[in-house]
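Q: Please take a close look at how one pair of helices packs in this model, and then at a small sheet and the helix that lies against that sheet.

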Amino acid sequence: MAAKPPTGDPVQDAPEVSPPQQSAAGLPGVAHSLLAAQRQMGVRRTALTLLKVNQKDGFDCPGCAWPEPDKRHAAEFCENGAKAVAEEATLRRVTPDFFTAHPIADLATRSGYWLGQQGRLTQPMFLDEGAERYEPIAWDRAFALIAEELQALGSPDEAVFYTSGRTSNEAAFLYQLFAREFGTNNLPDCSNMCHESSGSALTETLGIGKGSVLLDDLYQADLIIVAGQNPGTNHPRMLTALEKAKANGARIITVNPLPEAGMERFKNPQTARGLTRGGTPLTDLFLQVRLGGDQALFRVLNRLILENDGAVDEEFVREHTHGFEEFAATARAADWDETLRATGLARADIERALEMVLASRRTIVCWAMGLTQHKHSVPTIREVVNFLLLRGNVGRPGAGVCPVRGHSNVQGDRTMGIFERPAPEFLDALEKEFGFAPPRAHGLDVVRAIRALRDGHVKVFFAMGGNFVAASPDTDVTEAAMRRARLTVHVSTKLNRSHTVTGARALILPTLGRTERDTQAGGDQFVTVEDSMGMVHASRGRLEPAHAELLSEPAIVCRLARHVLGEQSRTPWEEFEGDYGHVRDRIARVIPGFEDFDARVRKSGGFALPHAPRDERRFPTATGKANFTAAPVEYPKVPEGRLLLQTLRSHDQYNTTIYGLDDRYRGIKNGRRVVLIHPEDARERGLADGAYADLVSEWRDGIERRAPGFRVVHYPTARGCAAAYYPETNVLVPLDATADTSNTPASKSVVIRLEQTAPV
Ligand SMILES: Nc1nc2c(c(=O)[nH]1)N[C@H]1C(S)=C(S)[C@@H](COP(=O)(O)OP(=O)(O)OC[C@H]3O[C@@H](n4cnc5c(=O)[nH]c(N)nc54)[C@H](O)[C@@H]3O)O[C@H]1N2
Ligand SMILES: Nc1nc2c(c(=O)[nH]1)N[C@H]1C(S)=C(S)[C@@H](COP(=O)(O)OP(=O)(O)OC[C@H]3O[C@@H](n4cnc5c(=O)[nH]c(N)nc54)[C@H](O)[C@@H]3O)O[C@H]1N2
Ligand code: SF4
Ligand SMILES: [Mo]
């Protein structure tokens with residue numbers, strides 16, 4: 001029973017709606033995680049697998065990038081981690097017979113949910129030009145075919161090598177090495193759509209594009225501000241850390257247009273109190289900000305801090321920062337009317353927040369996509385940095401910046417050199433170690449890669465994981481762009497939309513997942529990952545691979561490199577494939593902080609990467625100090641009658657992987673095509689709860705982008721703001737609507753109108 005996929009396309013989107021919940025996890029969370037897992041894996045495999053998640057001798061949870069505490073429970077996972085594991089460790093299989101039964105024209109009509117439910121990919125598959133079906137292909141033939149297409153290019157820059165954030169450090173290091181030996185920096189990644197704005201803002205102001213806090217800092221903080229993040233769904237074990245922080249006396253301010261269940265009240269499934277009693281209330285002050293109002297909020301808080309005698313940490317500002325005067329002049333000019341318009345908040349609420357800020361000696365700000373996916377995301381995050389610098393809240397215990405990363409190794413992939421704009425020092429180190437001249441010109445990020453495909457400048461698209469066409473903005477544009485490629489290649493564990501919208505020729509290369517044993521010539525291997533707090537540790541899968549023909553990601557890269565680069569490469573690809581320890585030895589020589597990598601990571605628990613601002617209040621910026629910045633306040637201007645739409649995640653999905661059709665905490669069941677809007681905004685438009693409407697995006701290019709047939713849900717969101725799930729709403733996000741500097745799609749501020757329709 002466990003291994004049988006649903007037949008047909010089970011998406012009958014018929015949403016049922018009840019009031020949103022006010023607490024997260026507890027017993028229902030445990031029950032849901034076990035049910036989800038057993039449906040895919042059966043009872044025995046569920047028990048065996050889940051006990052290895054996040055254990056020191058086990059594998060890293062393929063869910064999110066939240067770190068593991070040093071002291072671990074026997075069951076060190078959350079509901080959504082269990083779903084991520086079950087999705088990968090499923091017993092269902094996609095075999096060549098499946099592709100015989102389902103021609104590409106059929107697959108292209110299927111939902112992402114249905115595709116994912118079919119199970120694990122088992123063999124390399126090839127779709128030839130004009131062919132109706134994918135056919136099995138031998139690994140060597142597949143590599144030879146890719147080599148042939150790459151060698152036929154006019155320039156290496158006509159190829160793009162995408163990475164999603166599940167790829168291990170070892171695979172990522174090899175992959176960027178191969179791309180650069182081949183001759184291009186075209187290494188876009190999911191980070192371009194995710195925390196790129198954080199990276200841009202933090203690198204400029206603090207000198208390093210990563211968070212500056214460890215778990216212990218959260219436990220020691222007086223005040224934690226959680227802005228633009230929904231941890232109850234997307235980083236569930238962060239709630240455990242927040243609960244502990246509160247027990248130690250911390251207070252929490254939540255800044256969000258939506259009241260999210262997890263931030264209201266948390267029932268820790270690992271404690272008796274959490275399971276049986278009411279749980280812990282987490283949020284002390286809820287600031288229900290308008291979408292995109294955060295910069296204005298932090299700006300006015302900065303003004304108020306400046307106006308309070310003794311509130312500024314003068315010594316820190318003098319010793320460690322640059323640009324204070326210019327910043328202070330702009331902050332002092334913050335205007336209350338504009339602040340209230342931009343934020344939608346009451347002045348009294350902001351003043352309450354100020355009291356909590358002034359009462360705190362150690363403050364941390366955590367954030368995720370609510371801050372990073374706006375046009376003005378980079379200045380918004382810089383304003384958060386200004387806020388922390390003012391009171392010396394960087395580089396001491398219990399204080400700092402905490403961008404909470406998404407994919408489990410997205411931060412590690414960047415550390416390993418997956419970046420289209422690599423630092424010259426990194427390229428110098430590669431050159432010295434491997435004896436070739438890496439390309440120096442910047443490569444393409446996600447949005448630029450789509451444009452280059454659209455315009456015929458890129459002809460080969462290669463993806464190490466992910467689901468590029470579904471995750472990217474402007475679905476119609478992106479899909480048309482992908483269809484122009486000569487060859488598209490996906491290294492994947494599961495079937496998804498990107499396998500059905502292809503170039504003239506397409507390959508699917510199936511790979512091992514985190515949970516599986518990885519045996520190479522040199523014996524059983526482990527890989528390493530870096531979490532959101534810069535902790536590096538080992539991950540070792542134990543399950544029998546989903547199929548005997550699967551190759552690991554490192555093996556795929558090594559074999560591809562040998563086929564493509566041939567004799568001209570002096571890199572020992574075969575040796576790397578046989579023993580990943582050799583890869584770690586090279587990482588140790590190329591990337592600072594990884595000295596003696598292989599030996600150190602074998603020690604239980606791993607190690608923390610150095611972080612100059614956190615460890616020694618040293619700021620490796622252009623000025624050698626932490627930089628205050630000054631920028632005009634921006635916020636989205638919404639024309640009369642329109643709403644601002646954010647595209648976000650339900651509780652039952654992992655990005656484009658849909659686990660199910662429920663969003664339990666928000667009271668949505670059995671459907672994903674819902675749009676949450678404030679009852680007053682709905683009434684003004686004559687939209688009853690349960691009415692149906694098309695969402696129509698309005699952008700300056702005048703092109704109509706429409707997502708049809710959404711059920712209207714009256715929901716307590718901030719006024720003027722709407723919310724609907726991604727990836728269904730990616731058709732609405734214009735390719736050119738991106739954040740300044742970081743070029744991240746502005747998928748949390750899409751101007752829309754609603755057109756009522758008959759129910760579908
Ligand atoms: N189960 C599960 N876990 C995941 C993922 C998943 O899909 N499923 N995805 C992973 C990935 S890759 C990522 S990046 C993270 C994403 O983690 P999140 O950033 O939590 O994900 P979103 O669902 O996009 O939620 C955005 C949150 O920000 C709020 N928000 C939106 N716009 C604004 C704004 O302008 N201001 C403020 N203050 N708040 C705003 C929304 O109301 C929502 O609560 O989660 C990771 N973990
Ligand atoms: N509108 C809108 N768009 C968004 C966002 C948003 O909030 N709103 N969020 C953005 C964000 S934050 C992100 S991170 C991106 C996500 O973009 P991606 O990372 O490209 O997308 P995923 O859905 O995470 O990729 C899922 C696929 O990865 C493959 N996979 C899973 N595990 C493995 C593995 O171990 N190895 C390999 N090789 N493949 C594997 C499976 O085939 C699966 O189908 O989407 C972005 N797009
Ligand atoms: S919090 Fe994230 S990493 Fe931890 S178990 Fe849950 S999904 Fe996995
Ligand atoms: Mo992400």
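A: The answer below treats the helix pair and then the sheet.

In this predicted model, helix α23, spanning residues 424-434, and helix α29, spanning residues 580-590, have axes that come within 9 Å and cross at roughly 130 degrees. Angles of 65 to 115 degrees count as roughly perpendicular and those over 145 as roughly antiparallel, and α23 and α29 are therefore oblique to each other. The crossing in which α23 passes α29 is right-handed. On the α23 side the contact is made by Phe 426, Ala 429, Leu 430, Glu 433 and Phe 434, while α29 contributes Arg 586, Arg 589 and Val 590. Sorted by character, the residues of this contact between α23 and α29 comprise 5 nonpolar and 3 charged ones, with no polar residue.

Turning to the sheet, 3 strands are arranged as an open sheet in the order β21-β22-β23, with antiparallel pairing. Its edge strands are β21 (527-530) and β23 (607-608), each of which pairs on one side only. Between β21 and strand β22, which covers residues 535-539, the antiparallel pairing extends over 4 bridges, and within β22 it is His 537 that serves as the bridge partner of Val 529. Helix α8, made up of residues 169-182, packs on this sheet and touches both β21 and β22, its direction making about 90 degrees with that of β21.

Notes
Residues numbered from 1 in each chain as written. Chains lettered and ligands numbered in written order. Predicted model: local features only at pLDDT ≥ 70, side-chain atom pairs only at ≥ 80, totals over all residues. Heavy atoms only, no water. Axes fitted to C-alpha atoms, helices over the stretch in contact; angles between N-to-C directions. Helix = DSSP H or I, 4+ residues; strand = E, 2+ residues; numbered from the N terminus. Parallel < 35°, antiparallel > 145°, perpendicular 65-115°, else oblique. Left-handed = near helix turned anticlockwise from the far one by under 90°. Contact = heavy atoms within 4.5 Å. Nonpolar A, V, L, I, M, F, W, Y, C, P; charged D, E, K, R; others polar. Pairing = 2+ DSSP bridges.
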